[in-house]
Amino acid sequence: MGLDLKPILTHTNIKLSDLSNKIIAVDAFNTIHQFLATIRGSTGELLTNSHGEITSHLSGLFYRNINLLAEGIKLVFVFDGVSSPLKTDEIQRRHQIKQIAAENYEKALVQGKLEEARKYSQATSVLTDKMIEESKRLLFLLGIPTVQAPSEGEATAARLTNSDLVQICASQDYDSILFGAKRLVRNITISGKRKVPNRNAFIDVPLEIYNLEDILNQTNLTNEQLVDVGILIGTDYNIGGIPGIGPKTALKLIQKYSKLENIDQLQEQLSNVPYEEIRELFLKPKVANVTNNDIKFEPVDYDKVVEFLCTEKNFSPERVNSALQKVQNSEKNKNQSLEKWF
DNA sequence: CAAGACGA
DNA sequence: TCGTCTTGG
């Protein structure tokens with residue numbers, strides 16, 4: 001998976017409520033994949049409606065986004081387009097992992113090893129076109145704008161943080177840092193929420209914020225050099241990187257030699273790596289041209305959300321309504337607090 | 001993953 | 001009332 005930058009990137013911890021009124025570009029594929037991996041029944045099966053249509057992605061998107069909206073967080077979901085030919089190996093690798101996991105899943109099911117089955121099932125998820133369309137539809141009904149990226153979603157999401165349209169990227173992967181995102185937030189979940197004793201309030205388990213400027217200052221690297229570090233470690237475009245070189249070594253090498261071309265002892269191994277192309281992909285990626293008019297935050301369409309989730313997808317009306325209530329209440333609170341100013 | 005049920 | 005377990009679809 002992706003890029004193991006964590007050991008060399010500093011971050012600060014924040015609370016979910018610190019993101020109130022912030023505009024966040026969410027890596028849609030990354031998020032939906034996570035939901036498909038984790039929102040499952042006891043034997044690892046995906047949630048479905050009565051017609052067998054998968055609903056795990058909708059469950060995750062609905063309940064999480066409701067909580068983020070209630071927190072006053074503004075979201076823009078960025079969807080992947082066509083990925084670079086350089087990513088073919090990585091895509092193939094993921095296919096293989098899914099196939100093996102699917103076989104192990106079936107085996108474990110037959111043997112009645114349910115816990116094992118559930119574990120394997122998490123790696124089998126396939127994101128279909130139908131799921132993508134349904135996700136976009138639900139986001140639309142929730143009033144959350146979506147952006148279609150021409151290539152990597154993270155590239156467009158990162159570029160948005162260089163405008164005034166968006167302040168932060170949300171993803172579990174670190175690629176957006178290499179794509180030049182000013183800020184990255186990881187672990188944007190609400191399950192870390194803990195109720196605080198004796199009061200109607202919550203404390204939040206910390207989310208991680210990565211700030212590109214701080215990272216470059218602390219590592220004494222440029223954006224270009226950070227990409228070189230990534231290439232040594234391994235990206236989706238050169239899986240595994242240079243054998244034997246991990247994050248710490250990669251950082252030291254670039255700090256010492258300043259770029260890949262200067263590391264004499266690695267020239268032979270680097271000759272198999274199209275690093276100039278990879279640099280181009282991270283530093284000058286194809287991105288969507290997004291303007292102010294493309295990002296409009298609309299109110300939730302309560303009736304249509306209920307119709308979609310409850311009527312079409314067999315969600316519990318009680319659960320859906322009480323979730324929607326949260327947003328309605330928080331809007332009331334906002335209006336009240338606004339009135340106090342006047 | 002997140003909500004709701006449940007039991008200490 | 002609070003943390004833990006189970007269900008959701």
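In β9, Tyr210 is the bridge partner of Leu184. That pair belongs to β6 (residues 183–186) and β9 (residues 207–211), which run antiparallel and are joined by 4 bridges. Strands here are DSSP runs of E, at least two residues; helices are H or I, at least four; both are numbered from the N terminus.

A word on the source. This is a predicted model, where local features need pLDDT of at least 70, side-chain atom pairs need 80 or more, and totals for chains, interfaces and linings use all residues. Numbering starts from 1 along each chain as written, chains are lettered from A and ligands numbered from 1 in written order, and side-chain values use heavy atoms, without hydrogens and water.

Now the whole sheet. It is open, with 7 strands in mixed pairing, ordered β1-β9-β6-β5-β2-β3-β4. Two strands pair if DSSP finds at least two bridges between them. β1 (12–14) and β4 (146–148) are at the edges with a single partner strand each, so one side of each has no neighbour in the sheet.

Next, DNA strand B. Near means a heavy atom of the residue within 4 Å. Among the residues around the strand are Tyr63, Arg64, Arg319 and Ser322. Of the strand's atoms within 4 Å of the protein, 79% are sugar and phosphate. α2 (56–70) and α14 (317–339) each supply at least two residues of this surface.

Which contacts are polar, meaning N or O pairs within 3.5 Å? Arg64 has a polar side-chain atom 2.7 Å from a phosphate oxygen of DNA strand B. For Ser322, a side-chain N or O atom is 3.3 Å from a phosphate oxygen of that strand.

Definitions and conventions: A polar contact is a pair of N or O atoms within 3.5 Å; within protein, one must be able to donate a hydrogen and the other to accept it, and residues adjacent in sequence count only if both atoms are side-chain atoms.
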